[in-house]
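Please look over the sequence and the three-dimensional model shown here before reading the report that accompanies them.

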Amino acid sequence: MLILSIESSCDESAVALLEIIDNIPKTVTHLIATHDHSAYGGVVPESASRQHFYFIPKMIEKLNKEFDLKKIDLVCSTNQPGLIGGLMVGTCAGKALALALDKPFMGVNHIKAHAFSAMIENPTLQFPYICLLVSGGHTLLIELQSATELKILASTRDDAMGELFDKVANHLGLGFPGGKTVEQYALKGNPSKHIFKLPKLKNDLHYSSDDFSFSGLKTSFIRCIDKMENITLQDKYDICASLQDVVSRICIKKLSKYMETSPITQYTIVGGVAANQYIRKYCIELTQTYNKEIFFPSIGLCTDNAVMIGWTGYLNFINGVQPNLEVEVKSTFG
Ligand code: KG4
Ligand code: ZN
């Protein structure tokens with residue numbers, strides 16, 4: 001089966017051609033352009049929409065020159081959640097292409113696509129498994145029961161994990177998005193110089209103590225940075241090391257609860273923050289302690305990409321989800 005997929009939910013424009021034989025996906029081509037929003041310290045939705053409008057048709061045109069697009073069996077676009085302008089550009093492009101080629105069209109949920117992304121390169125990862133999804137926009141712990149059934153075990157009450165990286169990095173003057181730079185700075189830092197406590201959450205009417213929360217930590221980091229007079233490069237390295245360390249401890253705390261009690265043996269960590277090698281190392285050690293398995297996508301499939309959109313469209317398609325040209329775009333997950 002040959003699938004053309006489009007991703008445009010945030011600040012990456014991407015188009016992929018994916019060939020799937022005997023349930024094994026092979027990326028035929030993957031075109032990706034990351035927009036530069038660094039001058040603004042965050043993604044500017046209007047600018048992102050315009051950049052998708054620039055890049056996506058160019059990418060499709062390039063594919064059209066190199067491949068016979070009539071051979072495609074399915075066209076997929078991210079249709080939720082995300083920035084609405086970008087979703088509209090990618091979904092309209094996908095629908096137009098499906099109409100022109102007379103092929104089925106499938107809207108794909110970006111969060112599910114991240115959650116399935118570790119399967120692409122790891123065929124031994126099978127349902128049911130538990131996924132920790134940590135990106136710039138979302139932080140979720142999910143039990144994937146099948147390609148169509150998922151149970152949210154925990155989510156964030158406020159900021160996403162990637163947002164914590166980005167906001168602290170921004171406050172240190174490290175640019176946007178800052179996660180990758182934090183990882184590089186942390187290599188030269190001492191994580192014990194500043195110890196940050198894990199957030200403690202209580203159960204109440206609306207929230208569970210299992211939730212994630214990062215806004216308190218964000219404030220603690222910002223206060224700690226603001227208290228430093230004449231902040232040195234070594235101070236920045238140390239703050240970055242502490243940030244990575246406290247986030248790793250949060251991941252371990254959440255995962256160990258399920259590793260202790262759940263019969264599920266396979267785990268994945270996905271999304272942009274899963275690219276972080278320090279967090280990976282800690283979580284790999286944890287799974288060894290509990291005799292469980294953990295899988296990560298390669299770095300290019302952690303951050304936003306069109307390959308995971310094509311793979312999720314395929315999983316939907318073979319599990320009976322009907323292609324639908326009428327599907328709408330939505331900024332929300334559900
Ligand atoms: O999944 P993604 O590309 O986009 C969303 O769907 O949000 O995730 C982007 C997030 C950003 O917050 C970025 O700073 C973070 O992932 N990130 C990292 C690393 N690489 C990207 N965070 C920590 N360590 C990294 N190496
Ligand atoms: Zn994403």
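The report below takes up a metal site, a strand with its partners, and a set of charged pairs.

**The zinc site**

The structure is a predicted model, and a zinc ion (ligand 2) is held in it by protein donors that come from His 110 (NE2), His 114 (NE2) and Asp 304 (OD), at 2.0 to 2.1 Å from the ion. Along the chain, the donors of this zinc ion are spaced as H-x3-H-x189-D. The two histidines, His 110 and His 114, both belong to helix H3 (residues 110–116), where they lie four residues apart, or about one turn of the helix. His 110 has a relative accessible area of 6% and is therefore buried, and His 114, with a relative accessible area of 1%, is buried as well.

The geometry around the metal deserves a careful reading. The four donor atoms around the zinc ion (ligand 2) subtend angles of 94 to 137 degrees, and the arrangement is for that reason irregular. The cut-off behind this step is that four donors count as tetrahedral if all angles lie between 85 and 135 degrees.

**Strand S6 and its partners**

Strand S6 covers residues 129–134, and six of its six residues are buried, so the strand is largely enclosed by the rest of the structure. The burial concerns both faces of S6, with Tyr 129, Cys 131 and Leu 133 on one side and Ile 130, Leu 132 and Val 134 on the other.

One partner of S6 is strand S7 (residues 139–144), which runs antiparallel to it and is joined to it by six bridges. The connection between S6 and S7 is a hairpin of four residues, and within this pairing Leu 133 stands opposite Leu 140 in S7. S6 also pairs with strand S9 (residues 266–270), here in the parallel sense and over four bridges, and Cys 131 stands opposite Thr 268 in S9.

**Salt bridges**

Side chains of opposite charge can pair when their charged atoms come close. The structure holds ten salt bridges, among them those listed in the table.

| Pair | N to O distance |
|---|---|
| Glu 19 and Lys 26 | 3.9 Å |
| Arg 157 and Asp 211 | 3.1 Å |
| Glu 163 and Lys 167 | 3.1 Å |

In the pair formed by Glu 19 and Lys 26, Glu 19 counts as partly exposed at 28% relative accessibility, whereas Lys 26, at 51% relative accessibility, counts as exposed. The cut-off that places Lys 26 in its class is that exposed means over 50% relative accessible area.

Which parts of the chain does the salt bridge between Arg 157 and Asp 211 tie together? Arg 157 forms its salt bridge with Asp 211, and since Arg 157 lies in the loop between strand S8 (150–155) and helix H4 (161–171) while Asp 211 lies in the loop between helix H5 (179–186) and helix H6 (215–227), the pair ties together parts that are 54 residues apart in sequence. Arg 157 counts as partly exposed at 25% relative accessibility, whereas Asp 211 is buried, with a relative accessible area of 12%.

The salt bridge between Glu 163 and Lys 167 lies within helix H4, where the two residues are four residues apart and so are separated by about one helical turn. Glu 163 counts as partly exposed at 22% relative accessibility, and Lys 167 counts as partly exposed at 32%.

Key
Residues numbered from 1 in each chain as written. Chains lettered and ligands numbered in written order. Predicted model: local features only at pLDDT ≥ 70, side-chain atom pairs only at ≥ 80, totals over all residues. Heavy atoms only, no water. Donors = N, O, S within 2.8 Å, 3.2 Å for Na, K, Ca; no water. Tetrahedral: all angles 85-135°; square planar, octahedral: opposite > 155°, others 65-115°. Buried < 20%, exposed > 50% of the residue type's maximum accessible area, 1.4 Å probe, protein only. Pairing = 2+ DSSP bridges. Salt bridge = Lys/Arg side-chain N within 4 Å of Asp/Glu carboxyl O.
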